[in-house]
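Hello,

Please find below the structure I said I would pass on. My notes on it follow.

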Amino acid sequence: MNQWVDKNGVRIHGLSSMSENGQQFFKDYVQPAQGKLYILAHSAGGAVTSELVNQEWIRERTEKIALTDSVHMFSGGSDHDEWWRSKAKHWVASAKPLGESMGRSDCTTVSAGHTSHPWTTFSALEEIRQYFF
(Lines give C-alpha, C1' and ligand atoms only; values in the text may rest on other atoms or scores of the structure.)
Protein backbone atom coordinates (compact mmCIF):
# COMPACT_ATOMS: atom_id res chain seq x y z
CA MET A 1 0.00 0.00 0.00
CA ASN A 2 1.29 3.46 -0.85
CA GLN A 3 1.66 5.87 2.02
CA TRP A 4 1.82 9.60 1.46
CA VAL A 5 3.71 11.44 4.15
CA ASP A 6 4.49 15.05 4.93
CA LYS A 7 8.02 16.50 5.04
CA ASN A 8 8.45 15.10 8.58
CA GLY A 9 7.51 11.57 7.52
CA VAL A 10 4.08 11.70 9.16
CA ARG A 11 1.32 9.89 7.26
CA ILE A 12 -1.22 12.29 5.74
CA HIS A 13 -4.72 11.14 6.71
CA GLY A 14 -6.88 10.22 3.73
CA LEU A 15 -4.01 9.63 1.30
CA SER A 16 -3.07 5.96 1.65
CA SER A 17 -4.66 5.10 -1.71
CA MET A 18 -6.47 6.75 -4.62
CA SER A 19 -9.74 5.38 -3.27
CA GLU A 20 -9.13 6.74 0.23
CA ASN A 21 -8.08 10.09 -1.24
CA GLY A 22 -11.30 10.26 -3.27
CA GLN A 23 -13.43 9.30 -0.27
CA GLN A 24 -11.73 11.90 1.93
CA PHE A 25 -12.03 14.65 -0.68
CA PHE A 26 -15.75 13.99 -1.19
CA LYS A 27 -16.34 13.85 2.57
CA ASP A 28 -14.44 17.09 3.29
CA TYR A 29 -15.35 19.24 0.28
CA VAL A 30 -18.17 17.82 -1.80
CA GLN A 31 -20.63 16.53 0.80
CA PRO A 32 -20.92 19.87 2.67
CA ALA A 33 -21.50 21.76 -0.59
CA GLN A 34 -24.95 22.10 -2.09
CA GLY A 35 -26.08 21.17 -5.57
CA LYS A 36 -25.88 18.45 -8.14
CA LEU A 37 -22.68 16.66 -9.09
CA TYR A 38 -21.16 16.48 -12.55
CA ILE A 39 -18.14 14.19 -12.33
CA LEU A 40 -15.31 14.07 -14.85
CA ALA A 41 -12.96 11.12 -14.23
CA HIS A 42 -9.90 10.21 -16.29
CA SER A 43 -8.14 6.84 -16.28
CA ALA A 44 -7.92 5.40 -12.74
CA GLY A 45 -10.26 8.18 -11.62
CA GLY A 46 -13.01 6.04 -13.12
CA ALA A 47 -12.22 3.26 -10.66
CA VAL A 48 -12.33 5.75 -7.78
CA THR A 49 -15.64 7.12 -9.08
CA SER A 50 -17.14 3.64 -9.36
CA GLU A 51 -16.34 3.18 -5.64
CA LEU A 52 -17.59 6.63 -4.64
CA VAL A 53 -21.02 6.10 -6.15
CA ASN A 54 -21.61 3.14 -3.87
CA GLN A 55 -22.57 5.85 -1.36
CA GLU A 56 -26.25 6.71 -1.51
CA TRP A 57 -25.79 10.48 -1.05
CA ILE A 58 -23.40 10.63 -4.01
CA ARG A 59 -25.75 8.65 -6.28
CA GLU A 60 -28.66 10.90 -5.29
CA ARG A 61 -26.76 14.10 -6.15
CA THR A 62 -25.03 12.91 -9.33
CA GLU A 63 -26.50 14.21 -12.57
CA LYS A 64 -23.86 13.01 -15.06
CA ILE A 65 -20.51 11.23 -15.11
CA ALA A 66 -18.03 11.72 -17.96
CA LEU A 67 -15.29 9.12 -18.08
CA THR A 68 -12.21 9.53 -20.29
CA ASP A 69 -10.17 6.44 -21.13
CA SER A 70 -11.30 5.15 -17.77
CA VAL A 71 -10.54 2.01 -15.85
CA HIS A 72 -13.77 1.30 -14.01
CA MET A 73 -15.97 -1.55 -12.90
CA PHE A 74 -19.69 -1.34 -12.44
CA SER A 75 -20.91 -3.87 -9.93
CA GLY A 76 -23.64 -4.00 -7.41
CA GLY A 77 -26.52 -5.64 -9.21
CA SER A 78 -28.82 -4.76 -12.04
CA ASP A 79 -30.24 -1.61 -10.39
CA HIS A 80 -26.72 -0.26 -9.84
CA ASP A 81 -25.70 -1.15 -13.40
CA GLU A 82 -28.80 0.54 -14.77
CA TRP A 83 -28.01 3.66 -12.72
CA TRP A 84 -24.52 3.73 -14.34
CA ARG A 85 -25.95 3.35 -17.83
CA SER A 86 -28.32 6.25 -17.21
CA LYS A 87 -25.65 8.59 -15.74
CA ALA A 88 -22.29 7.77 -17.36
CA LYS A 89 -20.73 8.27 -20.78
CA HIS A 90 -17.22 7.09 -21.62
CA TRP A 91 -14.86 8.71 -24.16
CA VAL A 92 -12.06 6.30 -25.12
CA ALA A 93 -8.79 6.66 -27.05
CA SER A 94 -9.51 5.85 -30.67
CA ALA A 95 -8.63 6.84 -34.22
CA LYS A 96 -12.35 7.10 -34.94
CA PRO A 97 -13.90 10.58 -35.13
CA LEU A 98 -14.91 12.29 -31.89
CA GLY A 99 -18.24 10.99 -30.62
CA GLU A 100 -18.45 7.92 -32.85
CA SER A 101 -19.98 4.95 -31.02
CA MET A 102 -17.56 2.30 -29.81
CA GLY A 103 -20.38 -0.22 -29.19
CA ARG A 104 -19.65 -1.17 -25.59
CA SER A 105 -22.47 -1.94 -23.20
CA ASP A 106 -21.45 -0.93 -19.65
CA CYS A 107 -22.41 2.65 -20.50
CA THR A 108 -22.54 4.74 -23.65
CA THR A 109 -19.00 4.58 -25.03
CA VAL A 110 -17.71 6.84 -27.79
CA SER A 111 -14.42 7.85 -29.35
CA ALA A 112 -12.48 10.68 -27.76
CA GLY A 113 -11.19 11.53 -31.22
CA HIS A 114 -7.57 10.97 -30.19
CA THR A 115 -5.42 7.85 -29.96
CA SER A 116 -3.26 9.02 -27.04
CA HIS A 117 -4.50 8.19 -23.54
CA PRO A 118 -3.27 11.44 -21.90
CA TRP A 119 -5.05 13.54 -24.55
CA THR A 120 -8.51 11.95 -24.36
CA THR A 121 -9.96 14.45 -21.88
CA PHE A 122 -8.70 17.51 -23.73
CA SER A 123 -9.76 16.11 -27.10
CA ALA A 124 -13.30 15.38 -25.90
CA LEU A 125 -13.72 18.43 -23.63
CA GLU A 126 -16.20 20.38 -25.77
CA GLU A 127 -18.37 17.30 -26.24
CA ILE A 128 -18.18 16.58 -22.49
CA ARG A 129 -19.28 20.16 -21.72
CA GLN A 130 -22.27 19.70 -24.02
CA TYR A 131 -23.06 16.34 -22.39
CA PHE A 132 -23.05 17.99 -18.95
CA PHE A 133 -25.02 21.11 -19.84
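Leaving out neighbours up to four places away in sequence, V53 is in contact (heavy atoms within 4.5 Å) with I58, R59, I65, H80, W83 and W84. V53 sits in the loop between α2 and α3 (56-61). Helices (H or I, at least four residues) and strands (E, at least two) are DSSP runs, numbered from the N terminus. V53 counts as buried because its relative accessibility is 0%; buried means under 20% relative accessible area, exposed over 50%, and partly exposed in between, with a 1.4 Å probe and protein chains only. One of its contacts, H80, is 27 residues away from V53 in sequence and 9.3 Å away in space, C-alpha to C-alpha.

Before the rest, two remarks on the source. This is a predicted model, in which local features need pLDDT of at least 70 and side-chain atom pairs count only at pLDDT 80 or more, while totals for chains, interfaces and linings use all residues. Residues are numbered from 1 along each chain as its sequence is written, and side-chain values use heavy atoms, with hydrogens and water left out.

The sheet

Four strands form an open sheet in the order β1-β2-β3-β4, with parallel pairing. Its edge strands are β1 and β4 (108-111), each of which pairs on one side only. On average, neighbouring strands of this sheet are turned by 20° against each other, direction ignored. Two strands pair if DSSP finds at least two bridges between them. β1 and β2 run parallel and are joined by six bridges, with A41 opposite L67 in β2. β2 and β3 pair in the parallel sense over four bridges, and here L67 stands opposite H90 in β3. β3 (residues 88-92) and β4 also pair in the parallel sense over four bridges; H90 stands opposite T109 in β4. As for cover, five of the seven residues of β2 are buried.

Helices against the sheet

α2 lies across β1 and β2 (62-68) and runs at about 140° to β1. α5 lies across β1, β2, β3 and β4, at about 160° to β2. Axes are lines fitted to C-alpha atoms, for helices over the stretch in contact, and angles run from 0 to 180 degrees between N-to-C directions.

α5 covers residues 120-132, 13 in number, and reaches 17 Å from its first C-alpha to its last, close to the 18 Å expected at 1.5 Å a residue; the expected span is 1.5 Å times one less than the number of residues. α5 bends by about 55° at E126, the bend being the angle between axes fitted to the seven residues ending there and the seven starting there. Its buried residues are T120, T121, A124, E127, I128, Y131 and F132.

Two loop residues

S43 is in the loop between β1 (37-42) and α2 (45-52). S43 counts as buried because its relative accessibility is 19%. Beyond four places in sequence, S43 touches T68, D69, S70, V71 and H117.

D69 lies in the loop between β2 and α4 (78-87), and it counts as buried because its relative accessibility is 17%. Most residues other than glycine have a negative phi. Phi is positive in both of these loop residues, near 55° in S43 and about 45° in D69.

Regards
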